[in-house]
Amino acid sequence: MMVSPGAFSSRCRSCGREITAEAPNCPHCGAANLEERCPHCNAVTTASQDKEMRWHCDLCGGPRLPRADPAFRRSKREVMHLKRAEGARRARAKSRAFIFGASMMGFGSTALLGLWGLIFSFSFPLVLTWALFAGAAALVIVWALGRSSNATKELKAAIDQAWMAAAGDVANRMKGAFSAQKLAQAMGIDEVQAEEMLALLEANDVIRSDVTEAGELAYQTKFRVGAVDTGAGEVDLEALAEAEAIAEEQRLKAQK
Ligand SMILES: [Zn+2]
Ligand SMILES: [Zn+2]
């Protein structure tokens, strides 16, 4: 196999021998290759399911996508959304540190005031000093709570966009209609998450669903309607990216 300069190799987690990053399985022992380069920490590692971010990097904890079936290689459009999500996650961690620090300051100054009052007596300058400290702490907490909740919203939106970009790409590369199970396999996720993705894609008008003769739901991308030749794939991706850019613009406008 040709190895391009940018290619990296990883080690099989079962037998420890070197395998190419693109290999879906270890050629030596057959174990599944689940490692992929993390866009945040740049390490070649696995990712695990995450309650809030769907999947996270096992090394740095940043939001990631599971390793997709190499036959459905992603266009990497999701990376910028994942990076935005990671930025929001870090901003939230900072806000939470502020909340913790301000709470400590509030509690500390109140405890000191109480202690001083027990031993000596309360005086106006003392209470005023305490009020300044406690008031400042309360202001910082309110401000940081707001920032933290905004970051949570931003994180959630960016994760959804990353997943929609990835799922949209996979849907585009499917030949004909596909099921939730097929999307799950291609994306390396379970069917519950695949159903969630499909609902999201349908709500955003990327795909449509039809009921098959067998009574099952089949999905296909909307942009492909009418396009039959396989060369249309890249054009579809562009149309999809454009539609997403418009949606993003509208979302930013709505936030202001
Ligand atoms: Zn192996
Ligand atoms: Zn990482």
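This section goes through a helix pair, a strand hairpin and a few backbone oddities in a predicted model.

Start with the helices. Helix 1 covers residues 78-119 and helix 2 covers residues 124-173. Their axes come within 7 Å, with a crossing angle of roughly 160 degrees. Angles over 145 degrees count as roughly antiparallel, and helix 1 and helix 2 are therefore roughly antiparallel to each other. The crossing of helix 1 past helix 2 is left-handed. As for what sits in that contact, sorting the residues by class gives 27 nonpolar, 9 polar and 7 charged.

Next comes the hairpin. Strand 5 (residues 47-50) pairs with strand 6 (residues 54-57) in the antiparallel sense, and 4 bridges hold the count for this pairing. The hairpin linking strand 5 to strand 6 runs through 3 residues. One of the bridge pairings puts Q49 opposite W55 of strand 6.

W55 itself deserves a closer look. This strand 6 residue has 22 C-beta neighbours inside 10 Å, and so counts as buried, the cut-off for that label being 20 or more. Once neighbours within four places in sequence are set aside, the contacts of W55 are A47, S48, Q49, D50, R64, L65 and P66. Q49 thus turns up both as a contact of W55 and as its bridge partner. L65, another residue on that contact list, lies 10 residues from W55 along the chain, yet the two C-alpha atoms are just 5.7 Å apart.

Finally, the backbone. Most residues other than glycine have a negative phi. Two residues here go the other way: N42 has a positive phi, near 70 degrees, and R54 likewise has a positive phi near 70 degrees. Their settings can be taken in turn. N42 belongs to the loop between strand 3 (36-37) and strand 4 (44-45). With 11 other C-beta atoms within 10 Å, N42 is exposed, given that the label applies at 12 or fewer. R54, on the other hand, is placed in strand 6, the strand that also holds W55. Around R54 there are 20 other C-beta atoms within 10 Å, so R54 is buried. That count sits right on the cut-off, since 20 or more is what the buried label asks for. To put the two side by side, the positive phi of N42 goes with an exposed loop position, while that of R54 goes with a buried strand position.

Technical notes:
Residues are numbered from 1 along each chain as its sequence is written. Chains are lettered from A and ligands numbered from 1 in the order in which they are written. This is a predicted model: local features need pLDDT of at least 70, side-chain atom pairs count only at pLDDT 80 or more; totals for chains, interfaces and linings use all residues. Axes are lines fitted to C-alpha atoms, for helices over the stretch in contact, and angles run from 0 to 180 degrees between N-to-C directions. Angles under 35 degrees count as roughly parallel, over 145 as roughly antiparallel, 65 to 115 as roughly perpendicular and the rest as oblique. A crossing is left-handed if the near helix is turned anticlockwise from the far one by less than a right angle, and right-handed if clockwise. Ala, Val, Leu, Ile, Met, Phe, Trp, Tyr, Cys and Pro count as nonpolar, Asp, Glu, Lys and Arg as charged, and the others, Gly among them, as polar. Two strands pair if DSSP finds at least two bridges between them. Two residues are in contact if their C-beta atoms, placed from the backbone, lie within 7 Å.
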